[in-house]
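Student: I would like to go through this model with you and ask what stands behind each term. Could we take the reasoning step by step?

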Amino acid sequence: MERQPVYLDYSATTPVDPRVAEKMIPYLTQLFGNPASRSHAYGWDAEKAVDTAREQVAALVNCDPKELVWTSGATESNNLAIKGAANFYGPAKGKHMITVKTEHKAVLDTVRELERQGFSATYLSPMENGLVNLDELKAAIRPDTVLVSVMLVNNEIGVIQDVVAIGNLCREKGIIFHVDAAQATGKVDIDLAKLPVDLMSFSAHKTYGPKGIGALYVSRKPRVRLEAQMHGGGHERGFRSGTLPVHQIVGMGEAFRIAKEEMAEENARIRALRDRLWAGLSGIEEAYLNGDLEQRVPHNLNVSFNFVEGESLMMAVKDLAVSSGSACTSASLEPSYVLKAIGREDELAHSSIRFSVGRYTTEQDIDFAINLIKSKVGILRDLSPLWDMFKAGIDLSTVSWVHGTESHREAETAAAH
Amino acid sequence: MAYSDKVLDHYENPRNVGSFDQEDQDVGTGMVGAPACGDVMKLQIKVSDDGVIEDAKFKTYGCGSAIASSSLVTEMLKGKTLDQALDIKNTHIAEELALPPVKIHCSVLAEDAIRAAITDYRSKNETETAGYDACKPAA
């Protein structure tokens with residue numbers, strides 16, 4: 001069997017911690033009850049497990065367990081938060097929303113869908129370091145603005161938004177504030193008792209829990225209301241119907257318990273690894289860091305290697321599991337929309353790689369990655385006409401490029417005439 | 001994305017990487033694509049006096065399929081006359097490499113590179129021939 005590549009894609013997903021998997025298994029076989037069954041011990045045991053998990057998740061983000069609604073993951077949480085709040089408050093308050101161009105597609109596409117239903121939206125461009133410009137946000141707020149959605153940690157470049165300042169601004173104006181925190185749990189401290197946030201989305205599988213489970217925080221003080229998006233048996237106080245997947249909920253609870261207990265120590269270790277990686281990669285000529293290095297989670301590094309195309313670099317480093325752009329968009333040929341939004345020109349956006357370090361990353365993994373990237377970037381640059389031009393002192397922005405396909409089409413059209 | 005063995009082979013062991021002197025009379029250079037689109041191909045041909053492509057070299061910035069397409073093209077070109085070379089179509093390249101639909105544009109770009117290189121060679125030599133002829137009566 002071929003050796004498995006070194007995994008440096010923890011922002012795409014994480015393995016389930018074995019301690020988490022162990023806790024989950026009994027809830028598939030012996031303790032399989034439906035927590036909605038009130039008439040027997042199977043149901044009571046399942047309900048107890050769900051309550052414990054809810055407390056564990058609440059403890060990591062310091063909220064009341066009653067403020068959490070189980071969902072199938074952050075995508076559903078984002079949908080429920082944005083559509084639920086827009087539909088509930090829209091008719092009275094207004095039909096304008098504000099979000100940021102670098103949000104995850106689960107937010108952007110949800111807002112787009114609401115635009116199709118008659119809402120209007122402003123998509124803010126972040127500053128070059130990836131952060132939201134508060135003055136621009138202030139200027140975008142209208143009397144009919146009903147909701148603002150800004151992610152806590154960006155999935156591609158790992159920058160941490162100032163949700164306190166954004167939230168305070170929203171509170172002043174009576175606007176519902178949603179935060180997608182899928183990439184944040186276990187990476188940054190979240191204290192919902194203090195944060196001016198109304199709705200916050202969580203996912204288990206980015207924090208060593210199972211896929212297919214997440215939660216939405218719905219503030220009780222001040223009380224935030226939502227229109228349900230999933231109708232049925234009235235589970236989760238009517239916010240989200242559907243039989244609770246107890247084993248996954250138990251997994252999310254245990255994963256978040258471990259995160260709370262170990263995050264301080266783990267983040268210090270991960271930061272050292274990430275810094276070691278950047279120390280190695282920044283020595284490569286024409287390598288650029290994307291996003292702010294300080295206002296950033298410890299496990300993320302996003303680097304553009306100029307004059308090398310990202311997909312071919314990924315192919316060259318197939319012994320590393322990394323992403324070019326985000327995992328959701330890497331099947332398309334478009335350069336990363338996040339990097340374009342922070343003002344990276346197309347060349348650099350095309351040549352980016354996201355490294356994300358995690359719980360099981362070792363120093364050896366990092367050193368292996370540095371050496372592999374160094375050697376492959378060198379090989380691909382030897383192959384790159386752009387590198388030759390750069391070395392010859394040609395400013396690529398002054399070259400007038402012939403786009404092959406177009407010239408070809410023109411030639412065909414000419415031939416047809 | 002799953003690549004065919006042929007793409008992987010050309011990508012991992014690219015044939016005929018390099019450059020000829022662009023100024024040489026027997027060299028035709030085609031550079032197509034744009035960095036903003038994620039691929040740029042530079043294809044060069046060296047043409048003998050009797051109009052046969054003796055050698056070809058490439059440099060490509062782009063995805064694995066773009067690199068493989070240009071590498072394959074340099075192999076296909078050798079030994080062909082310029083007219084035969086113009087018969088190479090992107091569909092031949094795409095079939096040979098079993099390119100997935102999203103990568104067909106790489107083969108189109110490779111075909112464009114062939115045309116651009118031949119056009120460059122011809123314009124260079126036609127002008128030169130014309131100049132030579134123009135001098136002839138005076139000699």
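Tutor: Gladly! To start with the naming, helices and strands here are DSSP runs of at least four and at least two residues, numbered from the N terminus. Keep in mind that this is a predicted model.

Student: With those names, where does Asn16(B) lie?

Tutor: Asn16(B) sits in the loop between H1 and E1 of chain B.

Student: What makes the phi of Asn16(B) worth a remark?

Tutor: Its phi is near 55°, which is positive in a residue that is not glycine. Most residues other than glycine have a negative phi. Ala98(B) is also a non-glycine residue with a positive phi, about 50°, and its place is the loop between helix H4 (90-97) and H5 of chain B.

Student: Why is the peptide bond from Lys221(A) to Pro222(A) called cis?

Tutor: The value to look at is omega, which is near -5° for that bond. Most peptide bonds are trans. Pro222(A) belongs to the loop between strand E8 (214-218) and helix H7 (246-281) of chain A.

Student: Let us move to the interface. What makes Lys103(B) and Glu311(A) a salt bridge?

Tutor: The cut-off is 4 Å between a side-chain nitrogen of Lys or Arg and a carboxyl oxygen of Asp or Glu. Lys103(B) and Glu311(A) have N to O at 2.8 Å, so the pair meets the rule. Across the interface of chain B and chain A the rule finds three salt bridges, and there are ten residue pairs in polar contact.

Student: Which element gives the most to the side of chain B that touches chain A?

Tutor: H5(B) does, with six residues. By class, that side of chain B has 21 nonpolar, seven polar and seven charged residues.

Student: How many residues are in contact, and how much area is buried between the chains?

Tutor: Contact joins 35 residues of chain B to 27 residues of chain A. The buried area is about 2500 Å², with carbon and sulfur atoms giving 65%. Tyr11(B), Pro35(B) and Tyr61(B) supply 25% of what chain B buries against chain A, more than any other three residues.

Student: How do you know that Glu115(A) and Arg112(A) form a salt bridge too?

Tutor: The same test applies, with 4 Å as the limit. Their closest N and O atoms are 2.9 Å apart, so this pair passes as well. The two residues are three apart in helix H4 (residues 105-116) of chain A, which means that about one helical turn separates them. Over all chains, the search finds 28 salt bridges.

Student: And what makes Tyr61(B) a lining residue of the largest cavity?

Tutor: A lining residue has an atom within 4 Å of a cavity point. Tyr61(B) is listed in that lining, as are Thr60(B), Gly62(B) and Ile67(B), and chain A gives residues including Phe307(A) and Leu380(A). This cavity holds about 50 Å³ of space, and its lining has six nonpolar, four polar and one charged residues.

Student: How many cavities of 30 Å³ or more does the search find?

Tutor: Two, in the whole structure. The second largest has a volume of about 40 Å³, so it passes the 30 Å³ cut-off. Among the residues lining the second largest cavity are Lys187(A), Tyr208(A), Glu266(A) and Arg359(A). Its lining divides into two nonpolar, three polar and three charged residues.

Methods:
Residues numbered from 1 in each chain as written. Chains lettered and ligands numbered in written order. Predicted model: local features only at pLDDT ≥ 70, side-chain atom pairs only at ≥ 80, totals over all residues. Heavy atoms only, no water. Contact = heavy atoms within 4.5 Å. Buried area = accessible area lost by both parts, 1.4 Å probe. Polar contact = N/O pair within 3.5 Å; in protein donor to acceptor, adjacent residues only side chain to side chain. Nonpolar A, V, L, I, M, F, W, Y, C, P; charged D, E, K, R; others polar. 1 Å grid on protein atoms, 1.4 Å probe; cavity = no way out; pocket = protein on both sides within 12 Å on 5 of 7 lines; lining within 4 Å.
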